[in-house]
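Q: Could you take a close look at one part of this protein with me? I would like to start from one pair of strands and work outwards to whatever surrounds them.

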Amino acid sequence: MSQMKAIIITENETIQHSLIEILEAHEIEAEVNIEWKRSFAQANYTFYFIDYKSLKMIEEFTAPASSFIIGMSSERSFDEGRAWMRAGAYDVVVYPDEQSRLNDIISSVKGKVEKQKESFGDTTFGGGQVNAFYSAKGGSGKTLMASMIAQSLQIHHDKRVILIDLSAQFGGLETVYGVKDSRSYLDLQPVMQELSLNHIENVATKDEETGNYILLGPANPAKAEETSEELITKIIRTCRAHFDHVILDLPTAINTISFAGLNEATKIHYILNPDSLSLRSYKHANALFERFQLGNRGSLSILLNRVHPKSELGQKDVSKLIGKEIDASIRSDYFALQPYLNLGDSFYKKEKDKGQFKPAKDVRSYVEKVLL
Ligand SMILES: Nc1ncnc2c1ncn2[C@@H]1O[C@H](COP(=O)(O)OP(=O)(O)OP(=O)(O)O)[C@@H](O)[C@H]1O
Ligand SMILES: [Mg+2]
């Protein structure tokens, strides 16, 4: 089992010392700080022990889903209780009166973490990258970018890659790869509790030309709506344990499926087009990402796709308007692309293939810069 970590945020030395001692007995690595730092929100602590004074200094903190906030309070007050509830605290300990409860709380959290691991796998341990392709505007190139990148990883860099079509729409991955199959990830629902690589390989299709595995969504979009967050999460985590890269083609809508995918991503690739509608959509999405702490571990990468000398906006303009650096620009080349898409042909043929047309060349460098 990988070691759990805790962060203690208080100026009170008595609390610091007694907590460190208890945590040591539980073999939990503890860090201490006298005040809150922004970076704490993004680090992977299982426990956040925070005193009330520090809590007040923290604006809009939401702990990552796999973390537990334990409030360290000096009095039983209604206002404090409410503040802890708002912060999503798992428990509040009144110090020093209730100090003895700490042992039980820590044991109970440990039990929960173990259980989560049993059903979801140990996410902090090893595992491949989860690359989610998202855009709040439809037709921006999520499916195309996701599949080109998957092919480059496999063909140029010999990585094991699985693509998961979570977007449940016609003209998705099945078209790009020319897959004629009716199996989908929904077929994994009955075996969800004991999901293994074997199950995934039975339902996914291996594309012989590229070596990519493709896991399609249900052909009937209404069915996709029945999908649970738990199923998506389990599929992603199982794939992650067995592939170098799990590539998610996400729907434009923010729903259970896209949320589960974004939440599991180690990297979110936001696909932007150089026009004002795309920028407006990006701003909405970005506000949402911030609210839900998505893509905040330095893991949001912006891809400007369909760049053309006559585009409404250039890379620099876009970067200025959204206040964020653009990680790469992918040029537009409609006519060169069509034959590949019509024939379901792979975008690269062999390791040394730099890409025969502009988007393929640009994607190849993006992979080297951002995904390796
Ligand atoms: N760089 C590019 N050059 C030329 N055509 C492109 C480029 N990027 C995407 N396209 C084309 O734009 C169309 C939309 O792309 P794609 O299907 O990948 O978008 P999407 O974001 O997945 O759309 P949806 O929201 O419908 O799922 C496709 O026909 C695709 O071939
Ligand atoms: Mg698509």
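A: Happy to. In this predicted model, strand β7 (residues 161–165) runs parallel to strand β10 (residues 245–249), and 5 bridges hold the pairing. One of the matched positions is Leu163, whose bridge partner in β10 is Ile247.

Stepping back, β7 and β10 sit side by side in an open sheet of 8 strands, ordered β8-β9-β7-β10-β6-β11-β12-β13, and the pairing across that sheet is mixed. The edges belong to β8 (205–206) and β13 (328–331); each has a single partner strand, so one side of each is left without a neighbour in the sheet. As a general reminder, strands of a sheet pair through backbone hydrogen bonds, in either a parallel or an antiparallel sense.

A helix also comes into the picture here. Helix α11 (residues 256–264) lies across β10, and also across β6 (129–134) and β11 (267–272). Its direction makes about 135 degrees with that of β6.

The UniProt record is worth a glance at this point: an unreviewed entry places the feature "domain: AAA" at residues 130–280. In the model that span is 40% helix and 17% strand, and its end C-alpha atoms lie 26 Å apart.

Now for the ligand. Ligand 1 is surrounded by 21 residues, and the closest are Gly138, Gly141, Lys142, Thr143 and Leu144. Helix α6 (142–157), strand β12 (300–307) and helix α14 (334–343) each supply at least two residues of this shell. Strand β12 is thus a link back to our sheet, where its place in the order is between β11 and β13. By residue class, the shell divides into 12 polar, 6 nonpolar and 3 charged residues.

How does this fit into the whole protein? The chain is divided into domain 1 (5–120) and domain 2 (129–371), and the centres of the two, taken over C-alpha atoms, are 36 Å apart.

There is another open sheet to set beside ours, this one with 5 strands in the order β2-β1-β3-β4-β5 and parallel pairing. Its edge strands are β2 (29–33) and β5 (91–94), each pairing on one side only. From one strand to the next, the twist averages 20 degrees. Within this sheet, strand β1 (residues 5–9) runs parallel to strand β3 (residues 47–51), joined by 4 bridges, and Ala6 has Phe47 as its bridge partner in β3. Helix α1 (residues 13–25) packs on the sheet, touching β1, β2, β3 and β4 (68–73), and makes about 165 degrees with the direction of β2.

Two backbone details finish the tour. Most residues other than glycine have a negative phi, and most peptide bonds are trans. Glu27, in the loop between α1 and β2, has a positive phi of about 60 degrees although it is not a glycine. A cis peptide bond joins Tyr95 and Pro96, with omega about 0 degrees, and Pro96 lies in the loop between β5 and α5 (101–120).

Methods. Residues are numbered from 1 along each chain as its sequence is written. Chains are lettered from A and ligands numbered from 1 in the order in which they are written. This is a predicted model: local features need pLDDT of at least 70, side-chain atom pairs count only at pLDDT 80 or more; totals for chains, interfaces and linings use all residues. A residue is near a molecule or strand if its C-beta atom, placed from the backbone, lies within 6 Å of it. Ala, Val, Leu, Ile, Met, Phe, Trp, Tyr, Cys and Pro count as nonpolar, Asp, Glu, Lys and Arg as charged, and the others, Gly among them, as polar. Domain bounds come from an automatic or database domain assignment. Two strands pair if DSSP finds at least two bridges between them. Two residues are in contact if their C-beta atoms, placed from the backbone, lie within 7 Å. Axes are lines fitted to C-alpha atoms, for helices over the stretch in contact, and angles run from 0 to 180 degrees between N-to-C directions. UniProt positions are given in the numbering used here, feature names are shortened, and annotations may be inferred rather than shown by experiment.
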